[in-house]
Amino acid sequence: MLLPRLPSALLTLLVPSVANAARFHDDAYIAGFRGLAPTQKYHSIDLRPPELNIFATQPPSPPPNPNGTTAANSSQPLLTFLGYRGSNAEQPGPMIIDDDGELVWYGPEYGGVLNVERHTYLGQDVFSFYTGTEQYPGFGNGQFNILNASYDIIATVTSKNTTHGLDPHDFFIVHDIATVEFWIPHQLDLSGIGGQVDGWVYDCRVQSINITSGELLFDWSTVEHVPVEDTFYNLVERDNGKTINDPFDYFHLNSVQMDSLGNYVLGARGTSTVYYVDGKTGEVLWRLGGRRPSFFMGDGVGFWFQHHARAIPTGPDTFNISLFDNGANQYEQRAVQTRGVVLHVNTTSLNTTLLRQVLPPFHDICPSEGSVQTFPDGRILVGWGIRPYYTEFDSEDQVLHDVQFGTWDSTVHSYRAFKSPWKGYPRTHPSFAFNSSAIDIGFVSWNGATEVSTWRVLGGNMADDLVEVSSANKTGFETTLNLTTSSDFVAVAAFDAFGQCLGVSEVFSYFNATSTGLVGECPREALLSPSLTRAAFLIIVAVASYIISTRILPCILRLCRGGYHYTLVVVFVVILMGTDAIFFTANLVSPKLKHGAAVPPSFSPTAPPSIFKMPGTWLLCMVARFFGHNVPDWLERWTVWGGIGYDGDWGEMQAPTPTDSRGPCPALNSLANHGILPRDGRHITFNQFASAISRSYNLAPTLGVQLISPFSVFYSGRDWIDLEDIGGQGVVQHDGSTLREDISGPFAHATVIATQREPSQRLIAFFYPESTTTQYTWREHSKILAFRRAASREQNGTFSLSFPQYLFGSGNAAMIHEAIGGDLNTIRPWVGVDGYEHFPPGFEPHCRDVRALQKNVQVKQADRLLLRGGDSPSFERRYSH
């Protein structure tokens with residue numbers, strides 16, 4: 001049915017009513033006239049998050065100051081993470097919202113989750129939440145899910161050595177270690193509290209687990225360290241603890257934290273106590289609160305049935321501890337109102353003092369759940385647990401931001417509330433819809449995309465050929481667009497503040513307002529005319545020739561002092577100049593891929609990439625299509641790509657078997673272990689090598705060919721080689737490698753002599769130690785190479801390193817930095833810390849610009865070459881220090 005073209009001036013009359021993102025000081029909301037749990041609704045996507053009622057007197061999250069940071073030392077605005085749940089929730093799920101009440105991301109497909117919180121895992125920003133069951137008397141049986149910036153679940157964590165799943169109360173990550181809890185029935189003598197001798201309790205267990213490997217690192221039992229007599233819960237009144245199916249909950253563990261010393265801060269609601277536990281022995285070092293406190297509890301320090309205890313060391317023997325003091329549970333109330341507190345603990349003087357106390361604006365009790373988050377600038381965020389509120393206070397305890405997301409009488413709530421910076425790049429496409437009454441009005445949104453600044457309307461008379469016709473700034477989660485156009489087809493593209501296209505919606509027919517099922521492409525950029533391209537090429541070549549002849553070559557002459565090495569350097573520079581000149585035009589049209597996608601998606605001659613994104617590859621695909629089944633092998637290798645690695649998805653990784661062929665190159669071994677090269681590492685052609693490393697590491701084809709060219713010696717008499725062929729000493733593999741031992745060195749062994757397939761764990765541990773903060777620059781990579789060569793010269797009496805090997809090794813060092821980066825958490829699996837090389841989850845090539853990568857690697861090859869100054873082991877020793 002054709003829809004009438006009604007003018008956009010009638011928008012206010014024709015657009016169906018949609019709930020606001022937020023209301024401000026709305027008494028009707030408070031009174032429940034808008035429903036127990038008011039929701040927002042959108043035209044472009046079926047999401048129904050809660051509508052907020054905001055009470056704010058000042059901007060809650062400080063805007064960036066002139067140096068680009070907020071008061072919390074963040075360059076990004078803080079977003080709120082909630083787990084919206086309860087029987088009155090129309091669409092429960094984890095959510096991220098901004099301070100204006102605008103939705104950022106919503107995941108209703110996960111249902112009513114708990115504990116939505118941001119973390120850092122393997123050097124990347126992630127967030128987590130609990131999914132599973134909830135059971136009486138308030139524990140669970142499930143798992144925690146870890147999601148990356150694309151909202152993919154990249155890891156799940158559950159308990160070890162037991163059939164009982166994790167409890168939802170807490171989840172804490174340090175580096176790649178998760179600290180979790182779970183509850184299991186345990187038989188225990190309860191006669192001391194009026195129960196049976198053969199009674200049953202819940203043993204609350206704490207575990208620390210390496211998320212990546214699954215290794216269990218710590219396991220702690222409540223019943224082994226805390227007597228049941230410490231509880232404040234009444235066994236007789238509850239009439240349980242008699243059978244394995246009805247254990248007594250005497251401890252009720254609800255917070256776990258591993259601190260910087262490797263010890264544990266545990267919070268138990270049943271004993272109203274915070275415990276500090278030795279991370280090696282499991283011994284309780286001290287107790288804060290409860291029946292047997294280790295400290296003198298000063299005025300205002302006492303707390304009851306608390307949640308979310310967190311400790312921050314402030315000195316060698318002092319801590320600040322924040323916690324949510326419920327003051328009540330579901331059975332009894334011991335305080336007038338709930339509060340958030342920060343306590344100061346001195347483990348030497350054994351004194352405890354009250355530093356901060358913030359009270360709920362509604363001045364009432366919260367009998368369960370709750371959280372307290374502190375910020376470096378003194379702000380405090382309190383999630384009021386079972387009450388549908390969260391409040392932000394300034395350093396003077398004045399209310400900055402008070403938010404209601406359901407009425408007092410509703411059941412909706414969020415177990416905790418957190419604020420953190422977040423950038424999201426969803427794998428989905430923007431969602432677009434026409435107004436059902438006025439076709440020249442449209443709506444667009446993109447669930448989870450934080451970096452969208454503007455929306456550009458694309459139009460055209462063919463669904464696969466659209467150009468920009470108008471634009472609009474993003475306004476909230478969903479933006480209203482004016483679609484007045486003569487185009488037959490429309491789509492909407494998202495752009496960030498730097499003008500980078502982030503994604504495009506599906507293409508819609510403008511006349512019947514239905515989707516074509518095709519996803520639009522980012523609008524093409526105007527290309528230089530051939531005459532301007534040739535002029536630019538001549539100018540660049542002229543300038544480069546002038547600089548080389550007047551600046552670089554004289555320096556080379558002085559450094560090398562003439563002779564053999566001078567000739568080699570000149571030849572090397574000339575070769576690079578010639579190669580770049582020949583392939584200049586090809587590299588100019590290298591793919592400019594969207595953010596987060598340095599590796600191209602799959603393509604083939606029958607399904608080629610976009611001519612505007614990858615014109616060179618598109619042309620080759622057209623040529624291959626012309627050949628049909630008779631396409632040459634080299635052309636097939638460059639025109640068929642499986643898309644492994646696109647958006648950081650490297651597919652299944654398989655460790656090599658003893659019969660698989662592997663060599664000394666981690667870049668190639670990784671590709672084989674992920675199936676990009678043959679998994680057995682055998683019968684690999686030259687173009688198969690070159691195309692695979694070019695696509696996987698975002699290399700210009702010119703550089704890919706240059707890096708593989710030394711392998712040509714192995715192809716004598718055949719058109720393929722095995723990976724182990726590269727390990728032959730004296731050709732490519734050489735002494736002084738940073739990842740393999742010298743054949744004649746003191747650490748050589750049989751495997752090294754045979755194929756050099758195994759990385760040296762000694763060298764990896766020395767040069768690339770485990771760290772979550774260290775970032776290597778190019779200089780660190782270069783120093784590692786210089787140090788290794790100097791040490792090898794001293795330890796290996798038959799040390800040998802020819803000029804081509806020297807150059808090849810220097811290029812490899814440059815490649816590690818330019819393609820892999822400086823993050824040790826990324827480098828370590830790639831160089832083989834697990835005994836074989838592979839990409840870490842979500843890995844993306846470090847350098848995103850094809851020409852820049854080619855230039856940088858070549859310049860750094862020349863840099864190492866010039867620094868050599870001839871045969872200079874003495875320089876290597878000096879440089880390595």
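The following exercises, each with a worked solution, concern a predicted model.

**Exercise 1. The four-stranded sheet**

Determine the strand order of the open sheet of 4 strands, and state which strands form its edges.

Solution.
Step 1. The order is 10-11-12-13, and the pairing is antiparallel.
Step 2. Strand 10 (172–174) and strand 13 (216–221) are the edge strands, since each pairs on one side only.
Step 3. From one strand to the next, the twist averages 30 degrees.
Step 4. The pairing can now be followed along the sheet. Strand 10 is joined to strand 11 (residues 177–188) by 3 bridges, and Phe172 stands opposite Thr179 in strand 11.
Step 5. Strand 11 and strand 12 pair over 12 bridges, with Glu181 opposite Val206 in strand 12.
Step 6. Strand 12 is joined to strand 13 by 5 bridges, and here Arg205 stands opposite Ser221.
Step 7. As a general principle, strands of a sheet pair through backbone hydrogen bonds, either parallel or antiparallel.

**Exercise 2. The cover of strand 12**

Establish how many residues of strand 12 (residues 199–210) are buried, and which residues belong to each face.

Solution.
Step 1. A residue counts as buried when its relative accessible area is under 20%.
Step 2. In strand 12, 12 of the 12 residues are buried.
Step 3. One face holds Gly199, Val201, Asp203, Arg205, Gln207 and Ile209. The other face holds Trp200, Tyr202, Cys204, Val206, Ser208 and Asn210. Both faces of strand 12 are therefore covered.
Step 4. The hairpin that strand 12 forms with strand 13 has 5 residues between the strands, and Gly214 in this hairpin takes a positive phi near 80 degrees.

**Exercise 3. Two histidines with positive phi**

For His175 and His363, give the phi angle, the location and the exposure class.

Solution.
Step 1. His175 has a positive phi of about 60 degrees, although it is not a glycine. His363, also a residue other than glycine, has a positive phi near 50 degrees.
Step 2. His175 is placed in the loop between strand 10 and strand 11. His363 is found in the loop between strand 22 (351–358) and strand 23 (371–374).
Step 3. The relative accessibility of His175 is 42%, so His175 counts as partly exposed. For His363 the relative accessible area is 56%, so His363 is exposed.

**Exercise 4. A buried histidine and its contacts**

Locate His401, classify its exposure and identify polar partners of its side chain.

Solution.
Step 1. His401 lies in strand 26 (residues 399–404).
Step 2. Its relative accessible area is 1%, so His401 is buried.
Step 3. A polar atom of the His401 side chain lies 3.2 Å from the backbone oxygen of Asp99.
Step 4. The side chains of His401 and Lys419 are joined by a polar contact of 3.3 Å.

**Exercise 5. Helix 16 and its two ends**

Describe the cover of helix 16 (residues 824–831), its N-terminal cap and the residue just after it.

Solution.
Step 1. Of the 8 residues of helix 16, 8 are buried. They are Leu824, Asn825, Thr826, Ile827, Arg828, Pro829, Trp830 and Val831.
Step 2. The N-terminal end is capped by Asp823, whose side-chain oxygen lies 3.0 Å from the backbone nitrogen of Asn825.
Step 3. Just after the helix, Gly832 takes a positive phi of about 105 degrees.

**Exercise 6. A nonpolar surface patch**

Name the residues of the nonpolar surface patch of about 410 Å², and classify Phe626 as buried or exposed.

Solution.
Step 1. The patch is made by Leu619, Val623, Phe626 and Phe627.
Step 2. Phe626 is located in helix 7 (residues 615–627).
Step 3. The relative accessible area of Phe626 is 70%, so Phe626 is exposed.

**Exercise 7. A cis peptide bond**

Identify which residues the cis peptide bond before Pro137 joins, and place Pro137 in the chain.

Solution.
Step 1. The bond joins Tyr136 and Pro137, with omega at about 5 degrees.
Step 2. Pro137 lies in the loop between strand 7 (124–135) and strand 8 (139–147).

How values were computed. Residues are numbered from 1 along each chain as its sequence is written. Side-chain values use heavy atoms; hydrogens and water are left out. Patches are made of residues with over 30% relative accessible area and no salt bridge: like charges are joined within 9 Å, nonpolar side chains (Val, Leu, Ile, Met, Phe, Trp, Tyr) within 5 Å. Accessible areas come from the Shrake-Rupley method with a 1.4 Å probe; for residues, only the protein chains shown count as cover. A salt bridge is a side-chain nitrogen of Lys or Arg within 4 Å of a carboxyl oxygen of Asp or Glu. Buried means under 20% relative accessible area, exposed over 50%, partly exposed in between (1.4 Å probe, protein chains only). A polar contact is a pair of N or O atoms within 3.5 Å; within protein, one must be able to donate a hydrogen and the other to accept it, and residues adjacent in sequence count only if both atoms are side-chain atoms. Two strands pair if DSSP finds at least two bridges between them. Axes are lines fitted to C-alpha atoms, for helices over the stretch in contact, and angles run from 0 to 180 degrees between N-to-C directions.
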